[in-house]
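Open the model in your viewer and keep the selection box ready. Each stop below gives something to select and says what to look for.

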Amino acid sequence: MNALTPIQRDRGLQRLRRLTFGATAGALVAVVGVSYVAAASYAGKSSATAASTTTSTTTTADSSSTSSSTSLQPTQAPTTGSSGSGTVTSGGS
Amino acid sequence: MTVALKSWTALGTSVHVIATDADGLGRATTAVGDVLEDVDTAYSRFREDSELSRLNASPGRTVRVSPLLATAIDAAQRAARLTDGAVDPTIGQAIRVAGYDDDFSRIAAQDGPINLRAWRVPGWQAIRFDRRSRTVLLPPGVELDLGSTGKALAADLAARAALAATGAGGVLVSLGGDIATAGTPPAGGWRIHVTEDSREKPDGDGEVICLPAGGVATSSTTVRRWTRGAAVLHHIIDPQTSLPTTGPFRTVTVAAATCLDANIASTAAIVRGTAAIEWLMGWGLPARLVENDGTIHYIGRWPDPSGIAA
């Protein structure tokens, strides 16, 4: 392996510094960009404008409780039956 | 398989809980009672201190609501989207103006005249609701009524809570005829007597079906009727006019994967009128529709007692 001259070594160091600066600047841009996207995705309200009427409840009611489906979901078809114990009535109320 | 049943009254309507595991009935009823208490606190229209009443009293302000009320509003908006606005939660003012402004037991006793006018309700798009932050802003003039989807949602939530409490078998919860099931059904399915008035005894007029899973809901203009002057009114409001519906069907029963979806479909069918048959068939939902003259239509995979498919 040939030894580098001082000029070659200085040029190599300069190139390394440019690459390091470029990588740092690129990473910074990426961090800012991702932060912006994250902030836009989780829009919130200022606490100064959001009044609260939240009531403490124990009922679990996450979004899956309401079937977030974009269609009305059918079920297995009912069959004809006969009245007996455990029969309940479905009617208007 | 024997089942155990307990009945009581809550939210101004009848409550029935059935458990296939008789030993678990007590835990199931406790769980259902807890859910109904939470529902009453969150979105009763007849309690001044409910979250919904306070929200309706705060037009123009952004309000953060509880997870349960957020879920109920989310469900109501989904109903409106899926029915093109036939089931709309912004009928709050309309139903109040029509005279249904108190618990129904006190409504029926009043009979003074009333001034009604036709106008289109603000529409569900007017609600500014952010699901993630659970914040709601109602513009002035917009009042929410979650009565229709809210009761069916409560039945679904109660059935799930009851099953979790029993830990085994299956449970059925009926809230005023809106029926939700969870878990393993009894042999042959859940026996449901389908009629026009949920106060009918199970051996009264109507038909019995066996439901393997999911929910059943019935919407009817024959109940919760009241009189003002010469006008006979009922509780199903057409969002296009703000007035009680006047379509050809007086009662519609639908089976679906959840009680909520069944209720959305049955209520929308009453509002949509004749167009409801094609609409229900498009969703693949079994349904039983009763015309104002008593003629019954069975559509989809609803069992026709005569054996003739519609």
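**Stop 1: chain A**

Select chain A: its secondary structure comes to one helix and three strands. Bear in mind that this is a predicted model. Trace chain A along its sequence and you meet the pattern α-β-β-β. Colour it by burial next. Of its 93 residues, 20% count as buried.

**Stop 2: where chain A meets chain B**

Keep chain A and add the residues of chain B in contact with it. The contact takes 41 residues from chain A and 86 residues from chain B. On the chain A side, pick out β1 (50–52), β2 (79–80) and β3 (88–92), each of which supplies at least two residues. Which of these strands gives the most to the side that touches chain B? It is β3(A), with five residues. Now colour that side of chain A by residue class: ten residues are nonpolar, 30 are polar and one is charged.

Zoom in on β2(A) and select residues 207–211 of chain B, which form strand β9. Two bridges join β2(A) to β9(B), and the two strands run antiparallel. For one facing pair, label A:Thr79, which stands opposite B:Cys210 of β9(B).

**Stop 3: the sheet of chain B**

Hide chain A. Select β1, β2, β6, β7, β10, β15, β16 and β17 of chain B. These eight strands form an open sheet in the order β1-β2-β6-β7-β10-β15-β16-β17, with antiparallel pairing. Go to the edges, which are β1 (4–10) and β17 (296–299) of chain B; each pairs on one side only. From one strand to the next, the twist averages 10°.

Step inward to β2(B), residues 13–19, and β6(B), residues 170–175. Five bridges hold this antiparallel pair. Label B:Ile18 and look across to β6(B): its bridge partner there is B:Leu172.

Which helix packs on the sheet here, touching β2, β6, β7 and β10 of chain B? Select residues 147–166 of chain B, helix α6. Its direction makes about 30° with that of β7(B), residues 178–183.

**Stop 4: along to β15 of chain B**

Select β15(B), residues 249–256. Is this strand mostly covered or mostly open? It is mostly covered: eight of its eight residues are buried.

Check its neighbours on either side. β10(B) is joined to β15(B) by six bridges and runs antiparallel to it. Label B:Ser220, whose bridge partner in β15(B) is B:Thr251. Next, β15(B) pairs with β16(B) over five bridges, again in the antiparallel sense. Here B:Val252 has B:Leu289 of β16(B) as its bridge partner.

Add residues 276–283 of chain B. This is helix α8, lying across β15, β16 (287–291) and β17 of chain B. It runs at about 25° to β17(B).

**Stop 5: helix α1 of chain B**

Finish with residues 25–43 of chain B, helix α1. From first C-alpha to last, its 19 residues reach 27 Å, close to the 27 Å expected at 1.5 Å a residue. Show its buried residues, among them B:Leu25, B:Ala28, B:Val32, B:Val35, B:Leu36, B:Val39 and B:Tyr43. B:Asp38 is also on the buried list. In an α-helix, residues three or four places apart point the same way.

What covers the buried residues of α1(B)? The cover includes β1, β2, α2 (51–56), α3 (67–82), α6 and β6 of chain B. Three of these names are strands you selected at the sheet, and α6 is the helix that packs on that sheet.

Note on methods:
Residues are numbered from 1 along each chain as its sequence is written. Chains are lettered from A and ligands numbered from 1 in the order in which they are written. This is a predicted model: local features need pLDDT of at least 70, side-chain atom pairs count only at pLDDT 80 or more; totals for chains, interfaces and linings use all residues. Two strands pair if DSSP finds at least two bridges between them. Helices (H or I, at least four residues) and strands (E, at least two) are DSSP runs, numbered from the N terminus. Axes are lines fitted to C-alpha atoms, for helices over the stretch in contact, and angles run from 0 to 180 degrees between N-to-C directions. Two residues are in contact if their C-beta atoms, placed from the backbone, lie within 7 Å. A residue is buried if 20 or more other C-beta atoms lie within 10 Å of its own, exposed if 12 or fewer, and partly exposed in between; C-beta atoms are placed from the backbone. Ala, Val, Leu, Ile, Met, Phe, Trp, Tyr, Cys and Pro count as nonpolar, Asp, Glu, Lys and Arg as charged, and the others, Gly among them, as polar. The expected span of a helix is 1.5 Å times one less than its number of residues.
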